[in-house]
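Let's look at this protein together and ask how each description of it is justified. Have the structure open as you read.

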Amino acid sequence: QVIKCKAAVAWAAGEPLKIEEVEVAPPQAMEVRIKIHYTALCHTDLYFWEAKGQTPLFPRILGHEAAGVVESVGEGVTDLKEGDTVLPVFTGECGECRHCKSEESNVCDLLRINTDRGVMISDGKSRFSINGKPIYHFVGTSTFSEYTVTHVGSLAKINPEAPLDKVCILSCGVSTGMGATLNVAKPKKGSSVAIFGLGGVGLAAAEGARMAGASRIIGIDLNSDRFEKAKLFGVTEFINPLDYKKPIQEVIAEKTDGGVDYSIECTGNVKAMIQAFESCHDGWGVAVLVGVPHSDAVFATSPVNFLNERTLKGTFFGNYKPRTDLPGLVELYMDKKLQLERFITHEVSFADINKAFDYMIKGESLRCVTNVIGN
């Protein structure tokens, strides 16, 4: 049956979201309809809401960091059932393609992130509408709605005892940052790590470095107000590029006897990406790019930096396979080995979801969790 529910609809770029009554169609083949309990705001939502440097697609229901419960399943869905607790993820795991079968990749051929697609894969149609007019989806999740429809491959079944207002942030930011460090950079115990950008993803990357046993974790950010908070995530020293006249990669080289062993870039700024790569020590340095740049951005560095045996890597979602790996991250939290509460700085009601955007624009929040079921 079609469900009528509330959703926060983005009607145009930069305009406040509006709580509307939408119709949510039943799930089709290999799809699942879920009831969202909690959703958080990620910078990617803000980026596509502003539509600066990306393809504008409106009206749209944004949101991709969330937790909820399965309401109904479509034809062919066998590994999820009504009542299962799930995390929706912006990139999926079909389990059948070369990437899903590879131990090296999590970039599913079928369900990899597609920010331009506003419809479902199966039939090219939206499951959302208002008075018969389609409302576009966002990265296959659209969690700023009381109910949403996703492909089954974009849902991770998790421990039903997990508090959804906490584990919802594993759907994107925390997993992305932590995985970039643990799964991609793979720092050795006692090594040095530089983190470019101390937002939610950057602090998760720092947390990964701490868990790996790094001895020096250097945080680089233009906002010095973030430095004190970053200590909670293992950051041992701080650099604000505005305090120096020389390129920050030179500053880092001087402070670390030639460069850090590993660097993780979490800003999406191509200048910071270049700085992160050039901050690595020659001979063994590894840089990992996490942030999503402007669509026209170009990465430029001297080929000699590669010839001198520096390595540059990239990652989506920290190289975690959503369905396979997310349940384990939830268990890390349940076992008190991962402290998600540190990342959650604000909570708002669904009716006040625009406040979450305000907090992020002002740089006041790491993660703001929205209570959808409580409205």
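The questions below go from the overall fold to one pocket, in a model that is predicted.

Q: Why is the protein called as compact as a globular protein of that length?
A: The chain comes to 11 helices and 17 strands. Its radius of gyration is 20 Å, close to the 21 Å that the globule rule gives for 375 residues, so the description fits. Along the principal axes, the C-alpha trace spans about 65 × 40 × 40 Å.

Q: What share of the 375 residues is buried?
A: Buried residues make up 56%. The word applies because each of them falls under 20% relative accessible area.

Q: What part of the contacts with a separation of 6 or more joins residues 24 or more positions apart?
A: Such pairs account for 69% of those contacts, where a contact means heavy atoms within 4.5 Å.

Q: What makes residues count as lining the second largest pocket, and which lie nearest its centre?
A: Lining residues have an atom within 4 Å of a pocket point, and 13 residues line this one. E103, E104, N183, K186 and N319 lie nearest the centre. The elements giving two or more residues to the lining are α4 (173-185) and β15 (311-314). The pocket holds about 280 Å³ of space.

Q: How do the lining residues divide by type?
A: There are six charged, five polar and two nonpolar residues in the lining.

Q: Which domains does the lining draw on?
A: Domain 1 (3-169 + 340-371) and domain 2 (177-316) each supply at least three residues.

Definitions and conventions:
Residues numbered from 1 in each chain as written. Predicted model: local features only at pLDDT ≥ 70, side-chain atom pairs only at ≥ 80, totals over all residues. Heavy atoms only, no water. 1 Å grid on protein atoms, 1.4 Å probe; cavity = no way out; pocket = protein on both sides within 12 Å on 5 of 7 lines; lining within 4 Å. Points joined across faces, edges and corners; volume = space filled by probe spheres on them. Helix = DSSP H or I, 4+ residues; strand = E, 2+ residues; numbered from the N terminus. Nonpolar A, V, L, I, M, F, W, Y, C, P; charged D, E, K, R; others polar. Domains from an automatic or database assignment. Rg over C-alpha atoms; globule rule 2.2 N^0.38 Å. Buried < 20%, exposed > 50% of the residue type's maximum accessible area, 1.4 Å probe, protein only.
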